[in-house]
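Me: Could you walk me through this model? I'd like to go one step at a time.
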Amino acid sequence: MAALPVFRWRLAPDGYATRRQLRAAGLRPGGQPVAAQLERPRRRRGPLVAYLYRVDLALPVRPMTPARRAALERANAARRICPVCRRDAGYVIPASLGACVPCAYPGPDGSEGSL
């Protein structure tokens, strides 16, 4: 496999874009391999790397269908349900806690949190 071309930060030629830049333009990589990379030097650590894709091979972003929107809403709603008390927490439960705040930090008498 040939090595990827490496460009300095902010010096990539036209025709290349990062995933975020593609998305802002309404495009997606569309299965193409990484075409190049940017490197930003840092002190005392390795360089920051950003992967670049060719804009001419990028495909348009797939439109949001009603079925995909409904599936996304169900998935986000499931992230709000506490697995311990089975209630809607009103916010996305942090993975670091694994439960809503009252269940993760019960009061000293065993009751729910200190609210």
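Me: How many helices and strands does the protein chain have?
Reply: Happy to help, and please keep in mind that this is a predicted model. From the N terminus on, the order of elements is β-β-α-β-β-β-β-α-α. The secondary structure of the protein chain therefore comes to three helices and six strands.

Me: Is the protein chain more spread out or more compact, judged by the globule rule?
Reply: Let's start with the C-alpha trace, which spans about 65 × 45 × 25 Å along its principal axes. For 115 residues the globule rule gives 13 Å, and the radius of gyration is 22 Å, well over that, so the protein chain is more spread out than a compact globule.

Me: What percentage of the residues count as buried?
Reply: Here a residue is buried if its relative accessible area is under 20%. The protein chain exposes about 9,000 Å², with carbon and sulfur atoms supplying 55% of it. Of its 115 residues, the share that counts as buried is 17%.

Me: Which strand is joined to β4 by six bridges?
Reply: Strand β4 covers residues 36-42, and its partner runs antiparallel to it. The two form a hairpin with two residues between them, and R44 in the turn has a positive phi of about 60°. R40 stands opposite L48. The partner joined by the six bridges is β5.

Me: Which residue in β5 stands opposite A17?
Reply: Strand β2 (residues 16-17) pairs with β5 (residues 45-54) in the antiparallel sense, over two bridges. Across from A17 in this pairing you will find Y53.

Methods:
Residues are numbered from 1 along each chain as its sequence is written. This is a predicted model: local features need pLDDT of at least 70, side-chain atom pairs count only at pLDDT 80 or more; totals for chains, interfaces and linings use all residues. Side-chain values use heavy atoms; hydrogens and water are left out. Helices (H or I, at least four residues) and strands (E, at least two) are DSSP runs, numbered from the N terminus. The radius of gyration is taken over C-alpha atoms; the globule rule is 2.2 Å times the number of residues to the power 0.38. Buried means under 20% relative accessible area, exposed over 50%, partly exposed in between (1.4 Å probe, protein chains only). Accessible areas come from the Shrake-Rupley method with a 1.4 Å probe; for residues, only the protein chains shown count as cover. Two strands pair if DSSP finds at least two bridges between them.
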